Amino acid sequence: MIFGHGGNKTTLSQALGCPVDDIIDMSANLNPLGPPEQIKTVMMENLSAIHCLPEPDARSMTQGFARFHDIDPDTVIAGNGTTWFIYTIPRALNAKKALVLGPTYSDYADACRMHGTATAHWIADAEDKFLPDLEAVSQMAAQADLVFICNPNNPTGVLVEQAFITELLQRHPRVCFVVDESYLPFAADGDEISLIRAGKFPNLLVLSSMSKIFTIPGLRTGFLSGAKPLIDRVMAYYQPWSVNALAQVVIKNIFDHPELIAPFYEKTRSYITREKQIFIDEVADLPALVTVLSHTCFILAELLHHTAFQVCRQVGFDRILIRDCSNFKGLDHRFVRFSLKDRETNLKLAASLRKVLAHD
Ligand SMILES: Cc1ncc(COP(=O)(O)O)c(C=O)c1O
């Protein structure tokens with residue numbers, strides 16, 4: 001496991017000698033609106049669910065997800081976060097050589113390492129706005145049996161067209177492509193780009209995290225959907241009761257009320273679009289900071305005269321936790337990532353950055 005995921009408020013609060021709750025966490029990529037009211041209510045009303053064993057295969061919530069996306073429930077598995085799938089897929093598919101499109105979420109490569117799957121990386125350049133090159137990726141995909149693509153990508157926020165991925169799926173029918181759509185509900189055209197319903201591809205698996213969009217990372221829920229033969233191979237490694245009882249009640253309830261999901265996504269998307277622009281305008285005149293165009297709720301920024309360590313430390317004195325991206329393969333000490341919150345907090349971060357970046 002890599003150390004240095006986002007969200008470690010405890011370390012910063014200990015360093016500053018302040019309560020954990022005083023720390024503003026802008027390092028974890030979560031919905032700035034927080035969970036929908038309905039989730040909070042269902043959670044509070046169903047705490048007693050933990051006194052019973054849940055469904056061993058989380059069947060009801062799986063059916064809810066399948067119904068919402070109009071896909072066969074036998075092509076979906078519910079897991080203890082998408083993390084469970086990321087760490088199971090290389091083993092379940094007996095993958096020998098994986099390709100990871102980077103710079104990206106470190107756990108794909110970590111999971112491959114855990115299972116002895118050799119990993120190659122195709123790394124997009126900052127000069128190319130971190131956009132992947134189809135021909136170069138395709139050439140490397142031909143050497144792999146498993147490919148990880150995060151769309152939109154963490155930490156760059158870059159979104160690739162559906163056609164980019166479907167072209168790869170068609171060119172390499174023997175390669176399994178895992179497309180991580182955990183941040184896609186935040187993207188303006190997320191519903192059109194999603195591959196969840198692209199059932200015709202026999203070499204596709206899609207990851208959908210519930211943690212990010214619904215701000216429930218502690219509940220640990222996510223789904224894997226895709227080609228039935230691949231799903232069956234992952235299911236062979238499924239452990240009973242992987243999804244806890246409370247999580248099953250909450251997620252089932254969400255999908256029992258599909259009429260609430262679309263408006264919540266819409267509200268989230270317009271909030272993010274507006275607040276992202278306001279934040280970007282606020283830092284636009286800082287010559288030492290270049291932001292990368294993001295299609296989701298977080299922003300990667302390049303520092304021209306400072307190190308990520310310096311900036312995270314100084315912003316930390318204002319009790320704001322941001323993500324030092326130097327431990328992402330393909331990035332270095334020049335990159336930091338901010339996850340947006342409410343306007344007041346975002347402006348507080350902008351002011352804090354202004355203080356730090358004013359000094360060379
Ligand atoms: C791209 C991406 N995928 C998957 C995950 C894992 O999320 P979860 O296991 O909560 O679904 C994360 C968490 O940060 C992530 O950034």
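## Exercises: cavity, cores and a helix

In this predicted model, strands β3 (97–102) and β5 (146–150) each supply at least two residues to the lining of the largest cavity.

**Exercise 1.** Describe the largest cavity: its volume, its lining and the classes of its lining residues.

*Solution.*
- Start with the count. There is 1 cavity of 30 Å³ or more.
- Take its volume. The largest cavity has about 120 Å³.
- Look at the lining. It has 14 residues, and L101, F130, P132, C150 and N153 are the closest to the centre.
- Sort by class. The lining holds 10 nonpolar and 4 polar residues, with no charged ones.

**Exercise 2.** Find where the largest nonpolar core lies with respect to domain 1 and domain 2.

*Solution.*
- Begin with the members. The core has 89 residues, and those touching the most other members are I89, L146, V147, L205, F214, F223 and L224.
- Now place the core. Domain 1 (9–30 + 262–357) and domain 2 (37–256) both give residues to it, so the core lies between them.
- Check for another core. One of 23 residues lies apart from it, with C312, I320, A350 and L357 among its members.

**Exercise 3.** Compare the reach of helix α10 with the expected value, then decide whether α10 is mostly covered.

*Solution.*
- Find the helix. α10 covers residues 245–256, which is 12 residues.
- Compare the lengths. From first C-alpha to last, α10 reaches 16 Å, close to the 16 Å expected at 1.5 Å a residue.
- Apply the cut-off. Buried means under 20% relative accessible area.
- Count. In α10, 9 of the 12 residues are buried, so to speak of α10 as mostly covered is right.
- Name some. The buried residues include A245, L246, V250, I251 and F255.

Note on methods
Residues are numbered from 1 along each chain as its sequence is written. This is a predicted model: local features need pLDDT of at least 70, side-chain atom pairs count only at pLDDT 80 or more; totals for chains, interfaces and linings use all residues. Side-chain values use heavy atoms; hydrogens and water are left out. On a 1 Å grid over the protein atoms alone, a cavity is a set of points where a 1.4 Å probe fits but cannot get out, and a pocket is an open set with protein on both sides within 12 Å along at least five of seven lines; lining residues have an atom within 4 Å of a point. Grid points are joined across faces, edges and corners, and a volume is the space filled by probe spheres set on the points. Helices (H or I, at least four residues) and strands (E, at least two) are DSSP runs, numbered from the N terminus. Ala, Val, Leu, Ile, Met, Phe, Trp, Tyr, Cys and Pro count as nonpolar, Asp, Glu, Lys and Arg as charged, and the others, Gly among them, as polar. A nonpolar core is a set of buried Ala, Val, Leu, Ile, Met, Phe, Trp, Tyr and Cys residues joined through side-chain atoms within 4.5 Å. Buried means under 20% relative accessible area, exposed over 50%, partly exposed in between (1.4 Å probe, protein chains only). Domain bounds come from an automatic or database domain assignment. The expected span of a helix is 1.5 Å times one less than its number of residues.
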